[in-house]
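Please open the model in a viewer and keep the selection panel at hand. The tour proceeds by selections, each followed by a description of what is found there.

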Amino acid sequence: MNEFLQIKLLGIFSLGMNLGWALLMIPLLPLLGFLSLGLFGKKYLKQSAGIFATLLLAASAFLSLHIAYGYFFKYGKLEGAYQKIIPIQFTWLQFSPGLSIDLGILLDPISVMMLVVVTFISLMVHIYSLAYMKGEERYPTYYSFLGLFTFSMLGLVMASNIFQLYIFWELVGVSSFLLIGYYYDRPSAVAACKKAFIITRFADLGFLIGILILSFYGGTLDFNSLIEKLTSTNSTEFKTIASASFVGISALTWALVLVFIGGAGKSALFPLHVWLPDAMEGPTPVSALIHAATMVVAGVFLVARLFPVFSMSEVALKVVSIIGIISALFAAVIACTQTDIKRVLAYSTMSQIGFMMFSLGVSGQAGESGLGFTAAMFHLFTHALFKALLFLGAGSVIHFIHSNEMKDMGGLRKYLPITHITFLIACLAISGMPPFAGFFSKEEILLAAYHHNATIYWIALATSGLTSFYMFRLYFSIFWNKEYIAHGEVHGEGGFVMMMPLILLSLGAAAAGFIPFGHFVTADGNLLESAFHLQFSIAPVALGLLGIFTAMWMYKKQNNRPDTIAHSMNSFYKLAYHKFYLDELYLFVTKKILFNLIGKPAAWFDKNVVNGLVNATGNSTVFISEKMKGFQSGKVQQYAIYFLAGVIGLAVLFIYIWK
Amino acid sequence: MSGSTIIFYLLSILTLVSGILSVTTRKIFRAAIFLLFSLIGIAGLYFWMQYEFIAAVQITVYVGGITVLIIFSIFLTQQAGELLPKQNKNRVLFALLAAFCGFALTLLQIIQHSFNKTLESPILPTMENIGNQMLGIDENGFSLPFEVVSILLLAAMIGCIVIALRSKPTTV
Amino acid sequence: MMEPGLNHVLFVSTALFFIGIFGFLTRRNLITMLMSIELVLNSVNINFIAFNKYVWPHKLDGLFFSIFIIAIAAAEAAVAIAIIINLYRSHQSIDVENTEDLKF
Amino acid sequence: MNLTLLILLPLLTAVVILLMRSSVQVKWSALIGASAQFILALILFFTFRKERALGNASQMLFEIQYKWFPSWHISFHLGVDGISVAMILLTAFVVIAGVLVSWNVEKMTKEFYLLLILLSLGAYGFFISLDLFILFFFLEIAVIPKYLLIGIWGSGKKEYAANKLALMLMGGSALVLVGLLGLYFGGNENTFDLLLLSKMKIPIMVQKICFPLLFVGFGVFTALFPFHTWVPDGHSSAPTAGSMFLAGISMKLGGYGCLRVATYLMPEGAREYANIIIVLSTIAILYGAFATMMQKDLKYINAYSSVSHCGFVLLGIGMLTKTAIAGAVMQMVSHGLMTALFFAVIGMIYERTHTREVNEMGGLIKVMPFITTVLFIVGLCSLGLPGLSGFVAEMTVFMGSWQNPDPFHRVATIAACMSIVVTAVYILRAIGQTAMGPINDRYLSLQDAKWNEKLAAIILIAGIIAIGIAPFWLNDLVTPAAEVIMQKVAGK
């Protein structure tokens, strides 16, 4: 091997050499796409760039399916429990003995599941974009950014080292930045991409400090050994991190909460969510990929990855569940009032992520109590499918109508039949209607919450009702409501290339719920048989139906009911419509406080005080010499007087004073 | 009170009074003449101290040479009969103060210090002794300073000529 | 009145010295300043001779120094007058107040 | 590997440039000279690695010693360790890029290139000298050309900037000189030899006096707060290559000096003043970042961000752990490459748009995709994107800093970490306003980069990416040398 890359082929042979390389190829193929399209795309590939990238990703998706099959059904299990396998790892940067950033691949149920989700959704988006983005000026660039994102996301989910996760975490952030800012000449897109990056960056600060704390006490950055050291209550590492405290809170909790802040930023949880709605400025397929299905769930993934450690700290878990439930409810309320269809979807994403988060928060580590964990992962999986579907459907609508606003839509079911059906399936799925995917996963979440914390359960139940309301509000507003009046030429749906991903995803959204998820993904790797309680699911389904019928009543036909209702809760409606003025608050904090109270004084201080001191040194030198040059008057007799006075003075000095 | 004492005092008075007049009179030619008298008085003092050779040199060089040189330069540069410009009051006051302080300080030192004459046998400043030592190269000889002074004089002469030469108009 | 000795002579020379200084400081004409300098030099000469006579009569060093000083004074006077005349040519004046070109 | 080659080669280049007639000849001979330096630096790097791999564990490799001034115990003593090799590589990268970028200089071309080459000579000499006297000698060689470069080829308030820079740097050198003399006379033996001095036990009192002198003296070069004000003015007035050299090489002379001379030779002094250094550098990091936020001129943005980034160098040194010191050196290399590239890009943009005000630009992606891509890369490097060099260096500094468990160091580290957010803010503002947004019509006809600019950018980007995606080679180079320094500082 290369002398630089001392790749430790841990068990790569036990997987079979081909499988090892296959594993490596999964992230490397999108990277290849990024590099080749980024460097040569504009010149050589042009319109074939999309096909090229799609083929690479198809290969990658195929390989990850292959790996998933192998892992779940062939070699992943050891004595009934799924193992964490690290087939590839090499030292990337050694800080000190024991503390190093190792790049590697960690296979365990969640990473393999994420592998499949990421590559599959990404492939769908690639295919969809072939038609959707056709004719764009920077078509190859678009695909190269998609490649970069997919690579980073894959690196993130397969990370074997917390710092590796951080590295790819930043990379997905930047690819999201690049893709949101894809329409670079729109000022709103530029503002949105900056906002997204800066807010997640702010959250990453917490993540970074959390990593620093964990690494200091854990003495390692490697996930496996970190988890091992910090979860056994007897280890010295655990004892020190649990006993070390700052402001009365243990270092462990601090570290986990800080890490969670990082996750909350990326997953757009309250109150760090403000970037997500604005991020909808990006191309719609990108929103489907990054801001619905994959990147935004990175926070959930992070908490799940460190879940054994989280489960050691009650407080940290409590924070996770509280933030999760607040986000879920908060976003759902806002989603009911928004009129931009992508923004509704964005808030719905935030709400669903809130579901996953509090589900993790109410979970325990082992056995039955780990239901929350499984449920969160299950919901992550199903949500990826139906939310991507929703976004792609929305994209298809926007593609047809060239607008994001609900008021421009209505009655589109005749023009977009396939979109209509798939969108309906997705809406049913997200509303938790049996037998669609969302029903099963949401059911498990609610069950986990019910067992753990009644308050959370009731709020979650209410939120799930709201969910079906706003989703069907969306559905009816787009496809029913008023009749669509076509202006000029009407082109149909995007054709097969655009419809195929919708169909595939709707199949997934319809059927994914039947996967016995507890068999594969559990907190402790052991099998978890989730019992299905019929009586338990009555309440959520009933509430969901209520939501749907309310939406139908209000939006199926054009009428003034929505306005009346909005009018009757005037102030609250306004509050929700303006997203509870959080954006304004952020603007106030950044513009007023950061810029005006810190930035400006700092710049002023530098210009006037520090620089002024330097200039003052120079000026005082000039001033003094200006004064001193008067002595050099050219008048001989003056010199003589000074001289004489000097002589007399020195004489007196030497004779009488310094004898 | 011997004759010698009276002569000393007379000479001192002549020297100092004509010195003072020389630096205060506002007629430049008179200043030169007072200077002449002062120098003569000094020569008298040398005679009084029985240093005849140096007294003679004083008269020839100073009285005969330098004063004449000065008078010539007065003729060359000055309109005759014109009063010298007055110095401003402050300057005079400060000069007086400085001169007086310096004078008082020096005098105080002179009075407080007692000079002791050596006990070794004196050498008389006769022409013979002076001549031998001036050109002697033994340890009492002064031939090196003598030569240095001669070179200095030469340099001064050349310098005078160079400085006083009317610079030619540079026409190339 | 006392018998004059070293101190008396030194008194005369000191007085003459400061008369010269005073003249140098107050005169505005360069030639009269030169005269003041001559007075200063002469007062020094008197000192040399006086010390030679009253303190170290066994040597002739003081006398020689006087001789050299006289020689140098002569040279100096010549150079000074050359400078003064040159100055007069260029400035049409030998007032010291006008000769202050050599400054900052 | 004969180290004198590193001095002789620039000297030869300078002579050849002097002999050349036309500006084309001058440019090409400078380029050939710079490439030769570049190759030489690479050869040095690989032979160094080979020697180390063969088990040559002596502290300095390729040592050469000539008697120079025997009566004062000054010898021409050269040698390199990992840190020096890293800095030499950096210099070689920046020099070749600087030469390429200045291809359009028409005013007194010969003199311009001569000064550039002289500056590189000073830098190489500085990094390889093991005798404090010649170290100082080369330091001075590296200062003077900057004055002329800014004063003659600069823009804006160039005279003011040149004076300010030269005076402040000279002031720094004066402190350095006093400190060096203190070391010379303060030790048991009068010597300027670095290795001899390092083996000597220098009295605590001498260390307490000389350490601040040397640290502040070198610190002025590397923008130690509050002696950083030459940075914004100097950088913004300098010609493009001048800014590149200034930020890419000159500022690193200071960091290297702080580490190699001040900290290494006077460990007790370093421990004594470490907290002050940390406070000052943390202030520099945050304050520089906040001040950058308010700047509107691209060069000022990069200059203030350099203050912030160089704060990490000093922070790493002040933290006094092996990892932090290694991180400081990495940050020097990384920042050198990055900031040189940033200035190069700014120069390219300025040449086209004739403005450096970010408010007046916009949408430049459309007309100059190459240049804006480079701008993106360098901006992302500056804000610490993984895969580019800035991330590696900053993370190493943070990791090293965090190894000090007391609250003071913790708070300083967290404060320094915060700068990654502020950096993101100002970098994205700058990029967003220049490259993105609607384009101004008068820029529609602008051309993208030419071959020389492309080459320069690619060379520097190669360096940045090489560190960013494979930091282990730099780490392997730097860490053993940092360990030597730390052993001395730990006093065991």
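The stops below begin with one chain, continue with its neighbours, and end with the nonpolar cores.

**Chain D as a whole.** Please bear in mind throughout that this is a predicted model. Select chain D and colour it by secondary structure: 18 helices and 2 strands should appear. Its C-alpha atoms occupy a box of roughly 70 × 60 × 45 Å along the principal axes. The radius of gyration is 21 Å, which agrees with the value near 23 Å for a compact globule, because that is what 492 residues would give. Of those 492 residues, 64% are buried. Next, display the contacts in chain D between residues at least 6 apart in sequence; 81% of them join residues at least 24 apart.

**From chain D to chain A.** Now add chain A and select the residues in contact between the two chains. The contact draws 37 residues from chain A and 39 residues from chain D. On the side of chain A that touches chain D, the elements giving two or more residues are β3 (85-96), α5 (162-180), α6 (187-218) and α24 (582-628) of chain A. Which element should be highlighted for the largest share of this side? Choose α6(A), which supplies 12 residues. Coloured by class, this side of chain A shows 25 nonpolar, 6 polar and 6 charged residues.

**Chains B and C.** Show the remaining chains. There are 4 pairs of chains in contact, and chains B and C share the most contacts among them. Chain D, by comparison, has no contact with chain B, the closest C-alpha atoms lying 34 Å apart. Chain D also has no contact with chain C, where the closest C-alpha atoms are 22 Å apart. Within chain B, select residues 1-84 for domain 1 and 124-172 for domain 2. The C-alpha centres of these two domains of chain B are 24 Å apart.

**The nonpolar cores.** Finally, select A388(A), A509(A), A97(D), L341(D), A344(D) and L460(D), which touch the most other members of the largest nonpolar core, a set of 441 residues. Centre the view on A388(A). Leaving aside residues up to four places away in sequence, A388(A) touches I121(A), M124(A), A288(A), A292(A), A293(A) and L505(A). Apart from this core lies another, of 64 residues, including L39(B), I42(B), L10(C) and I70(C). In soluble globular proteins, nonpolar side chains tend to be buried together.

Notes:
Residues are numbered from 1 along each chain as its sequence is written. Chains are lettered from A and ligands numbered from 1 in the order in which they are written. This is a predicted model: local features need pLDDT of at least 70, side-chain atom pairs count only at pLDDT 80 or more; totals for chains, interfaces and linings use all residues. Domain bounds come from an automatic or database domain assignment. Helices (H or I, at least four residues) and strands (E, at least two) are DSSP runs, numbered from the N terminus. The radius of gyration is taken over C-alpha atoms; the globule rule is 2.2 Å times the number of residues to the power 0.38. A residue is buried if 20 or more other C-beta atoms lie within 10 Å of its own, exposed if 12 or fewer, and partly exposed in between; C-beta atoms are placed from the backbone. Two residues are in contact if their C-beta atoms, placed from the backbone, lie within 7 Å. A nonpolar core is a set of buried Ala, Val, Leu, Ile, Met, Phe, Trp, Tyr and Cys residues joined through C-beta atoms within 7 Å. Ala, Val, Leu, Ile, Met, Phe, Trp, Tyr, Cys and Pro count as nonpolar, Asp, Glu, Lys and Arg as charged, and the others, Gly among them, as polar.
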